[in-house]
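Colleague: I am new to this structure and should like to know how its terms are justified. May we look at it together?

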Amino acid sequence: MVGLIETLSELLSEHPLDLSCTRRTIDLGCGEGSFGKALFDDCPETFCGIDLSKRAIRLAARQWPDATWVLANADRVLPFADGTAGRLMSLFGRRPVTEIARVLCDDGQCMIAVPGEEDLIELRELVQTVGKRRSRWKAIVDEFADVGFKLQRQATWRHSVELDQPAITDALAMTYRAVRHSQHSRIQSVEQMNVTLHADLMVFQR
Ligand SMILES: C[S@@+](CC[C@H](N)C(=O)[O-])C[C@H]1O[C@@H](n2cnc3c(N)ncnc32)[C@H](O)[C@@H]1O
C-alpha cells in the first residue's frame, strides 16, 4: 500500500524507544507478514508475528524465515510472559487490550491501524447506495484508556487507487460476506473505478 509503510515508519521514529533489538516486537494478526518485514527488517531475532490463518503464517515464514511466526488465536491468552514485549502492533487486526497491557513492558508502545471512515467509500456507496461513514479511532482510544494507555499520536493515511473489475470483486469479497443479486449486477457493470484507501493510525503508551 503506497505510502503506508512510510507513514508507519515515521510514527515509529517520532516515538523512538530505548529498546533497540533487546525486547520483543509482536504483530497481532500479522497476515502474510509484509508490514513486519518492511518496518523491523533489522531486528528479526526479536520480531514475532501471530495469526490464526495457517496459510498466512506459512507465507510469512517463507517471506522472512529469520523472524518468529506463531499460529495462534490472538483473542485468547497471548503466548508471552508478562511485560516481555517492547512494542506491539495491530494493523487492521485484533486488539485484545487486556492481554496487550499484560505483555507490554512499562515503557512499551502499541501501534494500531484501523480502516478510516472513507476507506473504500466509493465501493461501499456502489453496493449500499449510501456508504456509511463510521470513524472507529475515538472508541479505540477509550478501549486503551480503560487499561491505562494514553494516546501519544494519531495520524491519517489516505491513498487513491484505480481498481479494475477483478480487483473490485476481490475488494468486495474482503469487505462484505454476501452481496445480493441486484448488487452483484451493479458491480459487474463497473469496469473500473477510483477507490479511496483510508486508515487511522494511533500510537499508545502508558
Ligand atoms: C485484515 S488482515 C490484516 C493483516 C495484516 N496485519 C496486514 O495489515 O496486512 C487481519 C488478519 O487477522 C487475522 N486474524 C483474524 N482473527 C484472528 C485471531 N483471533 N487471532 C489472530 N489472528 C486473527 C486474519 O487471519 C488476518 O490475517
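Colleague: What makes the pair of Leu91 and the ligand a polar contact?

Modeller: A backbone N or O atom of Leu91 lies 2.8 Å from a nitrogen atom of the ligand. A polar contact is a pair of N or O atoms within 3.5 Å, so this pair counts as one. A backbone N or O atom of Ala74 also lies 2.8 Å from a ligand nitrogen, and a polar side-chain atom of Asp51 is 2.6 Å from a ligand oxygen. The protein covers 71% of the 600 Å² of accessible area that the ligand has on its own (Shrake-Rupley method, 1.4 Å probe).

Colleague: On what kind of model do these values rest?

Modeller: The model is predicted: local features need pLDDT of at least 70 and side-chain atom pairs 80 or more, while totals for chains, interfaces and linings use all residues. Residues are numbered from 1 along each chain as its sequence is written, and side-chain values use heavy atoms, without hydrogens and water.

Colleague: How do the residues of the shell around the ligand divide?

Modeller: They divide into 7 nonpolar, 4 polar and 3 charged; Asp, Glu, Lys and Arg count as charged.

Colleague: Why is the pair of Phe144 and Phe204 called stacked?

Modeller: The ring centres of Phe144 and Phe204 are 4.3 Å apart and the planes stand at 10°. Rings pair if their centres lie within 6.5 Å, and planes under 30 degrees apart count as stacked (over 60 edge-to-face, the rest tilted); therefore this pair is stacked. Phe144 belongs to helix 6 (residues 137–145) and Phe204 to strand 7 (residues 192–205), 60 residues apart.

Conventions:
A polar contact is a pair of N or O atoms within 3.5 Å; within protein, one must be able to donate a hydrogen and the other to accept it, and residues adjacent in sequence count only if both atoms are side-chain atoms. Rings of Phe, Tyr and Trp (its six-membered ring) pair if their centres lie within 6.5 Å; planes under 30 degrees apart count as stacked, over 60 as edge-to-face and the rest as tilted. Helices (H or I, at least four residues) and strands (E, at least two) are DSSP runs, numbered from the N terminus.
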